[in-house]
Amino acid sequence: MVVRIIALSMVAEVCSIYLRRANGEMEFFATEGLDDKAVHVTRMKPGEGLVGEIMKQGRPLNLADAPAHPAFSYRPETGEDPYHAFLGVPLLRGGRAIGVLVVQNRTERTYTEDEVEDLQIVAMVLAEMVASGELISVEDLDGVELSPKRPERLIGSKFAEGLAYGVVVLHEPPVASSQLLSDDVAAEEQRLANALAALKAQIDQMLEGQHGLVDASYDVLESYRMFAHSTGWNRNLEDAVKNGLTAEAAVERVRSEHRARLGQARDPYLRERLHDLEDLNDRLLRHLAGAGSVARELPANAVLIARNLGPADLLEYDRTKLRGLLLEEGSSASHAAIVARALDIPCVGRLQGLRDRVNEGDPVIVDAETGEAYLRPRPDVVKAIQARIDVRRQRQAEFAKLKDTPAFTRDGVKVTLLMNAGLDVDLESLADTGAEGIGLFRTEFQFMVSEEMPRLTAQTDLYARVMDAAAGLPVTFRTLDLGGDKVLPYMEAEREDNPALGWRAIRMGLDRPALLRLQLRALIAASLGRPLRIMFPLVANVDEFRAARALVETEVAWAQRRGRPAPSRLDVGAMIEAPSLIWHLDALLPMTDFVSVGTNDLMQYLFAADRGNPRVADRYDPLSPPALRALEAIQRACAETGTPVSVCGEMAGRPLEAFALVALGFERLSMPPAGIGPVKQMVLGCDREAARRGVSALLKSGAGSVRNEIETLARRLYVAV
């Protein structure tokens, strides 16, 4: 009935529908004009024929002489020999092509733009009707892949360890349109125009630093603005509305076309542009719906699915209901991953094509022990993962029993285990984990999640709460580590070719002394006469540390002149993240009260590998001779001068890497809260002297990595890693 109506309205002699089956084949499903006996009999292999070409390209194919096309596949049983003119459009739903709608005529001619547009609108409506079961029963659609339903296993990278089983919640899901066809074209045109104007104004404000978009780089915002003002994108939306679609349906249609067209692109630049467009479409839909925040009510066992995520985006969700996080992109050193580890949320990233393989509410497994995700898992897989979750809970219970046990190695060396923090919620973990203090408090998170620059009182209140929660345990506050990939929404961003090597951390603080002095003033005020530890990030030469320490002394003098209490003890330290300091420790260490090794950035600079770039982030192993030799040199210099040294990078929170650090002589490790139990268990079973001898022998290895050798050594010494 449907193909007959379409053929009549399009003045076509043939109209046919092909639907995609689960194995990728295209089934000849209905026809007006071709041989009915071929229906449900003729099938095209994936990519075969003109229908396969349309599925692959995700766009219309308009031919005056179809048999002359190189992709044409002759099927005599259909009886299409007399027909030359051919127009086929994909049936798009949720960015996936589920079938193809074709019209044909005997006469050689090219269909007009209006005819192509009309058939695309019909295809959009048809796709929804087929998927909803309005046209064909569920039984008749058996085997047709209208949306992903089969179990799938995706392999990615583990960003934050753990296991979770829950249901899919899509980050920034599209706002569902209640209807596809508009009743009033003029009204829809005005709605679209208003929403586009609001979107463009919002993006312009972001670029001017007037709107709080958290953790977005200038390049991304500039891409948004470029696309938002793109004549082609705007015209496609406007044309779709003029042809009778609602504004929401127009956005979804343009989105589906971009997904189908660019989703298979090999060029990473094109794929990045698709992600920009996805976000732009979502924002436009929210403007049309009058919605603001991305956060919403979660089911009790939510697993958040996103292409990528900023740290503040993650914090918008109710963490008590968030069981896991799956990302298409990112890296283990990204700030979303760091926040996930801080919140103890299992996270797997670099899952290619994830968003297009799941539906809202699908059951899903996050296996962040192996770096895998199971979509719509089979019952036996669910049973196995639940058993592993139970075992993991038992291990957590064992770690909890060690909470009050001092971390001494078997040969009597005390290892101080501290935790990294940066959020109010982290403070709850201090007592639960048995951490002996906070070895790294990342003060920039307060700035990144705020709509405007935190005032002196807000900063002071936060730092005072942290010290109160520590209840006398040491807290090391790292001053603002901004810049690079951590751009504030309310500060003017400057484009840099290499932001990780650019204007960031202590460099920004020294160039903007008012910003740094305000923070130092807040820290001193929050101490209320208690001991205070301040640490400066990314010190690359001794002059930078000397200038930063002078600002601390200036602020202490400022407080004393006004009769305010100075810290009872003030320790000022530097983070060793720039390799340049390794060869100038003899000058630096006498000026410091302590130092801390930030292995995340140190490894990034040591290997010239951007830790935010998934192509190179895991290319080099921190358990390699050059990395271990650099760490040994730092530890030896600190031991010779009596300078307290700790490691506060991600290495410290992983038992195997922590084993190597202890073997190198480090006795203060600061890590995410979830790492304290496993690392303490490792320390309690470790003979430090035997470990030292084994690791020292590996430092001269010619191998690119000695991870396997260190793991073998640990097992030989019966150490749990």
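## Buried or exposed: the ground rule

A residue counts as buried when its relative accessible area is under 20%, as exposed when that value is over 50%, and as partly exposed in between. With that in hand, take a look at Arg376: its relative accessibility is 8%, so it counts as buried. Keep in mind that what you're looking at is a predicted model.

Where does Arg376 sit? You'll find Arg376 in the loop that runs between strand E14 (372–375) and helix H11 (379–401). The Arg376 side chain has a partner, too: it makes a polar contact with the side chain of Asp362, at 2.8 Å.

## A six-stranded sheet

Now for the sheet. Six strands make an open sheet in the order E3-E2-E1-E6-E5-E4, and the pairing is antiparallel. The edges belong to strand E3 (43–44) and strand E4 (61–63), each of which pairs on one side only. As general background, the strands of a sheet pair through backbone hydrogen bonds, either parallel or antiparallel.

Let's walk along some of the pairings. Strand E1 (residues 14–20) lines up antiparallel with strand E6 (residues 96–105), and six bridges link them. Ile17 has its bridge partner in E6, namely Leu101. On to E5 and E6: this pair is antiparallel as well, with nine bridges. Here Leu92 is matched with Ala97 of E6. Finally, E4 and E5 run antiparallel and are joined by three bridges. Leu63 has Phe86, in E5, as its bridge partner.

## Strand E5 and the loop before it

Why is E5 described as largely enclosed by the rest of the structure? Eight of its nine residues are buried, so there is the reason.

The loop between E4 and strand E5 (85–93) is home to Ala68. Is Ala68 buried or exposed? Ala68 has a relative accessibility of 56%, and because the cut-off for exposed is over 50%, it counts as exposed. You can also look from Ala68 to His84: they're 16 residues apart in sequence, and their C-alpha atoms are 8.8 Å apart in space.

## Two helices crossing

Back to H11, the helix that follows the Arg376 loop. H11 meets helix H22 (residues 676–684), with axes that come within 9 Å and cross at roughly 65°. Angles of 65 to 115 degrees count as roughly perpendicular, and H11 and H22 are therefore described that way. As for handedness, the crossing of H11 past H22 is left-handed.

## A buried aspartate in a loop

Another loop to visit lies between helix H19 (599–606) and helix H20 (625–641), and Asp621 is found there. Asp621 has a relative accessible area of 15%, so it falls under the 20% limit and is buried. What does the side chain of Asp621 reach? It reaches the backbone nitrogen of Leu623, at 2.9 Å.

## Cysteines and disulfides

How many disulfides does a search of the whole structure find? The search comes back with zero. For anyone new to the term, a disulfide is a covalent bond between the sulfur atoms of two cysteines.

Two cysteines are still worth a look. Cys15 has a relative accessible area of 0%, so it is buried. Cys638 is buried too, with a relative accessible area of 1%.

Definitions and conventions
Residues numbered from 1 in each chain as written. Predicted model: local features only at pLDDT ≥ 70, side-chain atom pairs only at ≥ 80, totals over all residues. Heavy atoms only, no water. Disulfide = S-S within 2.5 Å. Buried < 20%, exposed > 50% of the residue type's maximum accessible area, 1.4 Å probe, protein only. Pairing = 2+ DSSP bridges. Helix = DSSP H or I, 4+ residues; strand = E, 2+ residues; numbered from the N terminus. Polar contact = N/O pair within 3.5 Å; in protein donor to acceptor, adjacent residues only side chain to side chain. Axes fitted to C-alpha atoms, helices over the stretch in contact; angles between N-to-C directions. Parallel < 35°, antiparallel > 145°, perpendicular 65-115°, else oblique. Left-handed = near helix turned anticlockwise from the far one by under 90°.
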